[in-house]
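Please walk through the fold of this protein, from its overall make-up to its strand pairings, its unusual backbone angles and its charged side chains.

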Amino acid sequence: MRLPSLLVGILIFASISSRSMSAGQRYDFDGVDDISIYHRQSGNWYIRLSTDGSVQQHQLGGPDSTPTPGDYDGDNITDISVFHRPSAKWYIRYSSTGLHTAIPYGGTDNTPVQGDYDGDSITDIAFFLRHTQQWYIRESSTGGTRVQQWGVPGGRPAPADYDGDGKTDLAVYLPVLGDWHILESSTGRHRQERFGSSVERPVPGYFDDDIYADVAIYSPKSGNWRILESTTGQIVTRFWGALSAPAVPADYDGDGITDVAVYAPQGRKWYIRQSTDGGLRVENGGGVMARAIAAYAQGAIENLRIHCHGDSITYGTDSASNGPATAYPIRLEEHLEGGFGGDIIALNFGNPGETTSSGTSRLARELTLSRANVLLLMEGTNDHFFNTNFDTIESNLRNMVLEGLLRGMAVVIATIPPVMPSQRPEQHANITHSIRVYMTLPVTTASR
């Protein structure tokens, strides 16, 4: 039976609208994704509406909050929302009423993965536990919680509607192998694709104008996009990017097809390749410390947790606030997010005045608490102040490195020498000598 052409058009428009809203940035009702940025330090949102080019500013969030936009009230307009890690609460500003709500759901180490998992065209609050590969979904249709195990160790979430049934599918991407593991909601089938590598990021989207999300990856180093088209099964390669510019794919021209796009924070520019005509579109907007909100969407969520272990320098003593609010971990977090996108968390475990011995004694307990992926060690300066034997310093550092390696963490040893030669010449000389000696040490399992 042939459907009337008008009805066919309505059905196509409906499918395009529902497929895009789960990850869309549509703050006005014109079916076009808007350019939007988030300044994490202040919690300010800046949204350029595609209808008239005007810029809206909203305040919701702050240093400990991750943007989680979605259509939580079902009016087809994206609502401003954040997940506040310390309180484990979701703060939502409903576009239909302008009212704010706070919903406790999750924990401090959760990765937000909001999406329409029950197919009712309303975004569900959801989070992913990376260390257990469990998904917790608060379904808007029932108000109940769905808990499901899905993933592989080391997998990062990349949910999208890969089977075209109007529901967000559970999916993870394993960077070390380039494997995608997708649980299709329509059939319960486990779909596995080997597509990507450890230096590429998942960027699923609707790149070929159908109702199925495409598996896709982006390399921030080379600017290469590779898309596995669901319509043909062919791999399409596009070069579109800049060094350290995070991917921000979205439908910026309103044709229902995801455009490849990147945001370069240093130049405050958006580079968009419009799918309608293949032309280049350059937009200004943002800043060095501002992040494109689209970089947090779906598979762009990095959920990289950095355990910053050190003394007063790590804690923030003598910084602008004389505390963690202006210490180097928060600056590190801002710079990494600005350059790479996604949710990168630098956890401050600084303890003013400590030596490597006290740092070693507390490390195991605190690593269990932080559940971080990376261990950044900034220890040893105080040892030199107290003239601690170098062999003791080396042994403590090696033990801390080994503690991180045994937990599967990447370990980085760094320092910011705080001593100027003119003020403390002996301590400066000791630090310089120790660095030279350490650089000549043989490489062992614990120091790799």
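Two strands are taken as paired if DSSP finds at least two bridges between them. By that rule S5 and S6 pair, with 5 bridges joining the two strands in an antiparallel arrangement. The model is a predicted one, and this pairing is a convenient place to enter it.

Some totals set the scene. The protein chain holds 7 helices and 27 strands. It has 448 residues, of which 50% count as buried. Its accessible surface comes to about 19,400 Å², and carbon and sulfur atoms contribute 55% of that area. Among contacts with a separation of 6 or more, 46% involve residues 24 or more positions apart.

Back to S5 and S6. One of the positions that register the two strands is His-84, whose bridge partner in S6 is Lys-89. The strands form a hairpin with 4 residues between them. Within that turn lies Ala-88, in the loop between strand S5 (80–84) and strand S6 (89–93). Most residues other than glycine have a negative phi. Ala-88 departs from this pattern, with a positive phi near 55°. Is Ala-88 buried or exposed? Its relative accessibility is 9%, so Ala-88 counts as buried.

S6 also pairs on with strand S7 (residues 100–104), again through 5 bridges and again antiparallel. Here Tyr-91 has Ala-102 of S7 as its bridge partner. This second hairpin has 6 residues between its strands, and the residue with positive phi in the turn is Gly-98, at about 80°.

In a regular strand the side chains alternate between the two faces of the sheet. S6 shows the alternation together with a division in burial. Trp-90 and Ile-92 point to one face and are buried. Lys-89, Tyr-91 and Arg-93 point to the other face and are not buried.

A further sheet is made of 4 strands in the order S8-S9-S10-S11; it is open, and the pairing is antiparallel. Strand S8 (111–112) and strand S11 (145–149) stand at its edges; each has a single partner strand, so one side of each lacks a neighbour in the sheet. The partner of S8 is strand S9 (residues 125–129), joined to S8 by 2 antiparallel bridges. Pro-112 is bridged to Phe-127 of S9.

Another loop residue with an unusual backbone angle is Arg-268. It lies between strand S20 (260–264) and strand S21 (269–273), and its phi is positive at about 55° although it is not a glycine. With a relative accessibility of 46%, Arg-268 counts as partly exposed, whereas Ala-88 is buried.

The charged side chains come next. Side chains of opposite charge can pair when their charged atoms come close. With a cut-off of 4 Å between a side-chain nitrogen and a carboxyl oxygen, the count comes to 13 salt bridges. In one of them, Asp-33 meets Arg-26, with the closest N and O atoms 3.4 Å apart. Asp-33 is buried because its relative accessibility is 5%, and Arg-26 is buried at 5% as well.

Another salt bridge joins Arg-48 and Glu-283, with 2.7 Å between the closest N and O atoms. This pair links distant parts of the chain: Arg-48 belongs to strand S2 (residues 44–48) and Glu-283 to strand S22 (residues 280–284), 235 residues apart. Arg-48 has a relative accessibility of 26% and so counts as partly exposed.

Glu-403 and Arg-407 also form a salt bridge, at 3.0 Å from N to O. Both ends are partly exposed, Glu-403 at 25% relative accessibility and Arg-407 at 36%. Elsewhere, salt bridges that share partners join Glu-354, Arg-362, Arg-365 and Glu-366 into one network.

Asp-169 presents another case. What is the nearest side chain of opposite charge to this buried residue? It is Arg-191, 7.1 Å away, and Asp-169 has no salt bridge. Asp-169 sits in the loop between strand S12 (156–157) and strand S13 (170–174). Its side chain does reach the backbone nitrogen of Asp-163, at 3.3 Å. Beyond its neighbours within four places in sequence, Asp-169 has contacts that include Pro-159, Tyr-162, Ile-182, Leu-183 and Ser-185.

Technical notes: Residues are numbered from 1 along each chain as its sequence is written. This is a predicted model: local features need pLDDT of at least 70, side-chain atom pairs count only at pLDDT 80 or more; totals for chains, interfaces and linings use all residues. Side-chain values use heavy atoms; hydrogens and water are left out. Buried means under 20% relative accessible area, exposed over 50%, partly exposed in between (1.4 Å probe, protein chains only). Contact means heavy atoms within 4.5 Å. Accessible areas come from the Shrake-Rupley method with a 1.4 Å probe; for residues, only the protein chains shown count as cover. Lys and Arg count as positive and Asp and Glu as negative; His and the chain ends are not counted. A polar contact is a pair of N or O atoms within 3.5 Å; within protein, one must be able to donate a hydrogen and the other to accept it, and residues adjacent in sequence count only if both atoms are side-chain atoms.
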